[in-house]
Amino acid sequence: MKAIFISYNQAYNEEIVEVLDAHGQRGFTRWLNIDGRGSTDGIPHYGNHAWPEQNHGILVFVDEDKLAGILEDLKAKDETTPMLGLRAFTWDAAQAF
């Protein structure tokens with residue numbers, strides 16, 4: 001099993017869920033209104049008057065056979081609109097119960 005943390009501009013909100021749905025991935029946990037800024041470029045997302053945009057985040061645990069397809073779709077979305085900001089991070093996960 002793999003864990004994927006997806007950090008993305010709020011404008012992508014429902015589109016990220018649609019990617020998960022397209023791969024048959026039902027479960028996820030989402031955080032709204034997360035402040036942040038990219039490591040190399042892009043504008044800050046602080047939710048204030050100067051930088052009004054914010055990020056959202058999703059944590060999803062997937063079977064390994066779904067991982068590559070989900071990441072490919074997320075990468076394609078990011079490449080279409082790179083200034084919005086979308087990043088995905090993965091790691092191994094073990095199910096506790």
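## The central pairing

Let's start in the middle: β1 and β4 run antiparallel and are joined by seven bridges. One place to look is S7, which sits opposite R87 in β4. Keep in mind that this is a predicted model.

β1 also pairs with β3, again antiparallel, this time through eight bridges. Here you'll find I6 facing I58 of β3. In general, strands of a sheet pair through backbone hydrogen bonds, either parallel or antiparallel.

## The whole sheet

Put the pairs together and you get an open sheet of four strands, in the order β2-β3-β1-β4, with antiparallel pairing. β2 (29–34) and β4 are the edge strands; each has a single partner, so one side of each has no neighbour in the sheet. On average, neighbouring strands are turned by 15° against each other, direction ignored.

The remaining pair is β2 with β3, antiparallel over four bridges. I34 is opposite N55 of β3 in this pairing. β3 itself is mostly covered, with seven of its eight residues buried.

## Helices on the sheet

Two helices come next. After the S7 and R87 pair in β4, have a look at helix α1 (residues 13–22), which packs on the sheet and touches β1, β2, β3 (55–62) and β4. The direction of α1 makes about 10° with that of β3. Helix α2 (residues 64–80) packs on the sheet too, touching β1, β3 and β4. The direction of α2 makes about 165° with that of β4.

For a residue on α2, try E79. E79 has a relative accessibility of 52%, so it counts as exposed, the cut-off being over 50%. E79 and A93 are 14 residues apart along the chain, and their C-alpha atoms are separated by 27 Å.

## The largest pocket

If you're hunting for pockets, the largest one has a volume of about 370 Å³. Its lining is made up of 21 residues, and R37, G38, G85, L86 and R87 are the ones nearest the centre. R87 is also the residue that stands opposite S7 in the strand pairing.

Which strands each supply at least two residues of this lining? They are β1 (2–9) and β4 (86–92). β1 gives the largest share, three residues. Sorted by class, the lining of the largest pocket has ten polar, seven nonpolar and four charged residues.

Terms used. Residues numbered from 1 in each chain as written. Predicted model: local features only at pLDDT ≥ 70, side-chain atom pairs only at ≥ 80, totals over all residues. Heavy atoms only, no water. 1 Å grid on protein atoms, 1.4 Å probe; cavity = no way out; pocket = protein on both sides within 12 Å on 5 of 7 lines; lining within 4 Å. Points joined across faces, edges and corners; volume = space filled by probe spheres on them. Nonpolar A, V, L, I, M, F, W, Y, C, P; charged D, E, K, R; others polar. Pairing = 2+ DSSP bridges. Axes fitted to C-alpha atoms, helices over the stretch in contact; angles between N-to-C directions. Contact = heavy atoms within 4.5 Å. Buried < 20%, exposed > 50% of the residue type's maximum accessible area, 1.4 Å probe, protein only.
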